[in-house]
Amino acid sequence: MPPDHQPDRDTGPKPDQDTGRRLDRDSGRGLAHELVERLKARILAGEIQPGQKLPTESSLIQEFGVSRTVVREAVSRLQAAGLVETFQGRGSFVLALPASTAFSVEASGIRTHRDVLDMIDFRIGVESEAAGLAAERRTDLQLKAIERALIDLGRTGEQPGNAVEADYAFHLKIALASGNRFYSDLLASLGPMMIMLPRTRLPHVYTVSDATHFTRVTLEHENIYRAVADRDAAAARAAMRLHLSNSRARLQAP
């Protein structure tokens with residue numbers, strides 16, 4: 001008796017095993033862009049090491065199902081981005097990635113009165129926006145941290161030796177409450193130096209030991225805190241801008 005008939009195995013076309021490698025033709029960004037992103041991802045992930053040769057044109061054409069023109073345009077873009085270098089007759093080789101450099105300002109680089117004024121101008125732009133975001137995004141715990149920093153700052157009238165650190169801590173807590181790490185990273189890079197350097201150039205009447213000056217500066221910080229507590233972004237930006245602008249004006253006082 002003949003064996004039972006077994007259903008034929010599927011002999012239809014198999015899915016392309018490299019489907020995951022095919023480019024998205026419907027992205028609207030173009031095949032060359034898609035290929036650049038794929039190759040860039042391999043380079044950044046270390047799959048193609050510095051000094052290693054990119055796959056040949058023919059292998060890229062076969063792997064990604066694109067034309068020679070698309071491959072050449074993609075390689076040209078990688079070259080323009082500084083990721084590869086092409087040598088006639090030898091191919092394209094991956095270049096070493098430049099080391100990332102964190103933003104930093106060395107105290108030794110701020111030498112003149114003009115430098116200090118410029119740094120405050122820079123802070124006005126950065127910290128005003130950070131205060132606005134803090135008002136919108138701060139958590140209750142972050143507000144408590146800002147409040148503690150404000151209390152510590154208020155105590156420096158009796159302990160002027162702690163004034164710089166307390167002032168810096170308040171500004172850093174505002175940046176942290178912004179919910180954007182770049183603001184806090186930037187202020188962490190600047191460090192207490194951003195408070196200390198302007199203070200060293202203030203006339204004697206604007207020292208922490210001067211009661212009128214200390215009261216005025218404390219009130220400026222309280223206004224920032226209240227705006228953040230009230231979740232009033234516009235008021236927080238304005239209060240921070242006014243505080244730093246006043247600091248700048250005090251530096252320019254005769």
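How many salt bridges does the structure hold? The structure holds 14 salt bridges, a salt bridge being a side-chain nitrogen of Lys or Arg within 4 Å of a carboxyl oxygen of Asp or Glu. The model is predicted, and local features need pLDDT of at least 70, side-chain atom pairs count only at pLDDT 80 or more, and totals for chains, interfaces and linings use all residues. Residues are numbered from 1 along each chain as its sequence is written, and side-chain values use heavy atoms, with hydrogens and water left out.

**Salt bridges**

Three of the pairs are listed here.

| Pair | N to O distance |
|---|---|
| Arg68 and Glu57 | 2.7 Å |
| Arg138 and Asp140 | 3.2 Å |
| Glu220 and Arg250 | 3.3 Å |

The pair of Arg68 and Glu57 links distant parts of the chain, with Arg68 in helix 3 (residues 68-80) and Glu57 in helix 2 (residues 57-64), 11 residues apart. Helices are DSSP runs of H or I with at least four residues, numbered from the N terminus. Arg68 has 40% relative accessibility and therefore counts as partly exposed; Glu57, at 27%, also counts as partly exposed. The term covers values between buried, under 20% relative accessible area, and exposed, over 50% (1.4 Å probe, protein chains only). Glu57 and Arg68 also belong to a network of salt bridges that includes Arg72.

In the bridge between Arg138 and Asp140, Arg138 is buried at 7% relative accessibility, whereas Asp140 is exposed, with a relative accessible area of 58%.

Glu220 and Arg250 form a further salt bridge. Glu220 lies in helix 9 (residues 211-229) and Arg250 in helix 10 (residues 233-252), so that the pair links distant parts of the chain, 30 residues apart. Glu220 counts as buried at 7% relative accessibility, and Arg250 counts as buried at 7%.

**Packing of helix 1 and helix 3**

Helix 3, which holds Arg68, packs with helix 1 (residues 31-44) at an angle of about 55 degrees, the axes being 8 Å apart. Axes are lines fitted to C-alpha atoms over the stretch in contact, and angles run from 0 to 180 degrees between N-to-C directions. The two helices are therefore oblique to each other; angles under 35 degrees count as roughly parallel, over 145 as roughly antiparallel, 65 to 115 as roughly perpendicular and the rest as oblique.

Contact means heavy atoms within 4.5 Å. Among the residues that make the contact are Leu35 and Leu39 of helix 1 and Val70 and Ala74 of helix 3.
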